Amino acid sequence: SKAVDAASKQVKLICELERRGLINLLPEELIETARLRIKNEDMSISQLALASNPPLSKSGLSHRLKRINEIAKHLIAGSEIL
């Protein structure tokens with residue numbers, strides 16, 4: 001399913017950030033969202049939004065995950081240059 005594939009890609013990208021020691025370069029709210037996604041890979045965006053502390057809207061959590069994706073790609077690309 002499309003949602004499962006997206007969650008899997010998110011988890012792989014977050015794990016890569018952790019492996020490279022780059023996760024802590026994210027803003028705190030994005031770190032919390034990233035860790036929540038890793039711990040709950042099988043949850044939908046709606047479920048993750050409700051599990052957030054404080055709970056977020058579905059669109060709010062989706063926006064955070066997109067920001068993580070964008071920032072992670074830049075951080076990983078930058079770390080490969082070094």
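This passage walks through a predicted model, starting with its opening helix and moving on to salt bridges, a pocket, a buried leucine and an unusual peptide bond.

A good place to begin is helix H1. Its 18 residues should span 26 Å at 1.5 Å a residue, and the end C-alpha atoms are indeed 26 Å apart, so expectation and model agree. Six names make up the buried set of this helix: Ala-7, Val-11, Leu-13, Ile-14, Glu-16 and Leu-17. Just past the end of H1, Gly-21 adopts a positive phi of about 70 degrees. For context, most residues other than glycine have a negative phi.

Glu-16 deserves a second look, since this buried residue of H1 also takes part in charge pairing. Side chains of opposite charge can pair when their charged atoms come close. In the model, the count of salt bridges comes to three. One of them joins the side chains of Glu-16 and Arg-19, with an N to O distance of 2.7 Å. Both partners belong to helix H1 and sit three residues apart, about one turn of the helix. An α-helix has 3.6 residues a turn, so residues three or four places apart point the same way. Glu-16 also forms a salt bridge with Arg-20, where the closest N and O atoms are 2.5 Å apart. Together, Glu-16, Arg-19 and Arg-20 are linked in a network of salt bridges. The two arginines can be described by their accessibility: Arg-19 is exposed, at 60% relative accessible area, while Arg-20 counts as partly exposed, at 28%.

A further salt bridge brings together the side chains of Glu-29 and Arg-67, at 3.8 Å from N to O. Glu-29 lies in helix H2 and Arg-67 in helix H4, so this pair ties together parts that are 38 residues apart in sequence. Each partner is partly exposed, Glu-29 with a relative accessible area of 30% and Arg-67 with 28%.

Attention now turns to empty space. Rolling a probe the size of a water molecule over the atoms shows where such space is left. The largest pocket has a volume of about 420 Å³. Helices H1 (2–19), H3 (45–51) and H4 (58–81) are the elements that each give two or more residues to its lining. H1 gives the most, with eight residues. In total, 21 residues line the largest pocket, and those nearest its centre are Ala-6, Ala-7, Gln-10, Ile-45 and Leu-65. Sorted by class, the lining holds 10 nonpolar, five polar and six charged residues.

Where does Leu-36 sit? This leucine is found in helix H2, which covers residues 28–39. Leu-36 counts as buried because its relative accessibility is 16%, under the 20% cut-off. Leaving aside residues up to four places away in sequence, Leu-36 touches Leu-48, Ala-51 and Ser-52. For Leu-36 and Ala-51, the separation is 15 residues in sequence and 8.2 Å in space, from C-alpha to C-alpha.

The last feature lies in the loop between H3 and H4, where Pro-54 is found. Is the peptide bond from Asn-53 to Pro-54 cis or trans? The bond is cis, with omega near 0 degrees. By way of background, most peptide bonds are trans.

Technical notes:
Residues numbered from 1 in each chain as written. Predicted model: local features only at pLDDT ≥ 70, side-chain atom pairs only at ≥ 80, totals over all residues. Heavy atoms only, no water. Helix = DSSP H or I, 4+ residues; strand = E, 2+ residues; numbered from the N terminus. Buried < 20%, exposed > 50% of the residue type's maximum accessible area, 1.4 Å probe, protein only. Contact = heavy atoms within 4.5 Å. 1 Å grid on protein atoms, 1.4 Å probe; cavity = no way out; pocket = protein on both sides within 12 Å on 5 of 7 lines; lining within 4 Å. Points joined across faces, edges and corners; volume = space filled by probe spheres on them. Nonpolar A, V, L, I, M, F, W, Y, C, P; charged D, E, K, R; others polar. Expected span 1.5 Å × (residues − 1). Salt bridge = Lys/Arg side-chain N within 4 Å of Asp/Glu carboxyl O.
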